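Grab a pencil and work through a few short exercises on charged pairs and surface exposure. Each task comes with a solution you can follow step by step.

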Amino acid sequence: KEFIFPLEWVGHYTGTLKIYKENKENTIINMELIIGNPNGSGYYPWTLIYNHEDIREYGLEAINSDLGHYRIDEFNSIQIEGYLNNGHFVSRFDVMGSDLLVDYHRTNEGIDVSFYISKTEAETMTGGEIIALDTVPSVKSFPILVFQKAELLRIPD
């Protein structure tokens, strides 16, 4: 089923976030996502809670819903662009030397969340040569240092 974003994503979701580093599971923490109905300012309240105590209250706003363009406003001068594509709400941003790709996917049971974290500096650069008469493009590779995954189940209303 395709869920209408963000209206059919509104709800309270809870589960565990598994954090994988150096090719092994390092940490498991509790995670919640609460998406509220739009408020008077036009924001859908978007709240992330980690371990029941680290509460991050943001707002989701539509920039151009026809193009699937939305924005998460952290209300501290940080705004993160996000894009809806085939049932996935995805954002990619760079903060303090880390590149984060965040993917929220609505399922029948809830929302699956994946975080891919790499350095903003390339680990290797290959290609960039001329072979025969073809110019091979340069390709930069970035190590994925941390992978985080949560399967958040919807709490019934």
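**Exercise 1.** Work out which exposure class Glu81 belongs to, and which charged partner its side chain meets.

*Solution.* Start with the area: in this predicted model, Glu81 has a relative accessible area of 26%, so Glu81 is partly exposed. Next, the partner: Glu81 and Arg71 meet in a salt bridge, at 2.8 Å from N to O. Now place the two: Arg71 sits in strand 5 and Glu81 in strand 6 (residues 79-85), 10 residues apart, and the pair links distant parts of the chain. Finally, look for shared partners: salt bridges join Glu61, Arg71 and Glu81 into one network.

**Exercise 2.** Find the gap between Glu61 and Arg71, then decide whether each is buried or exposed.

*Solution.* The closest N and O atoms of Glu61 and Arg71 are 3.7 Å apart, and the two form a salt bridge. Glu61 belongs to strand 4 (residues 54-64) and Arg71 to strand 5 (residues 69-73), so this pair ties together parts 10 residues apart in sequence. For exposure, the cut-off for buried is under 20%. Glu61 has 18% relative accessibility, so Glu61 is buried. Arg71 has a relative accessible area of 18%, so Arg71 is buried too.

**Exercise 3.** Sort Lys1 and Glu8 by exposure and give the distance between their closest N and O atoms.

*Solution.* Lys1 comes in at 69% relative accessible area, so call Lys1 exposed. Glu8, at 28%, is partly exposed. Their closest N and O atoms are 3.8 Å apart, in a salt bridge.

Key. Residues are numbered from 1 along each chain as its sequence is written. This is a predicted model: local features need pLDDT of at least 70, side-chain atom pairs count only at pLDDT 80 or more; totals for chains, interfaces and linings use all residues. Side-chain values use heavy atoms; hydrogens and water are left out. A salt bridge is a side-chain nitrogen of Lys or Arg within 4 Å of a carboxyl oxygen of Asp or Glu. Buried means under 20% relative accessible area, exposed over 50%, partly exposed in between (1.4 Å probe, protein chains only). Helices (H or I, at least four residues) and strands (E, at least two) are DSSP runs, numbered from the N terminus.
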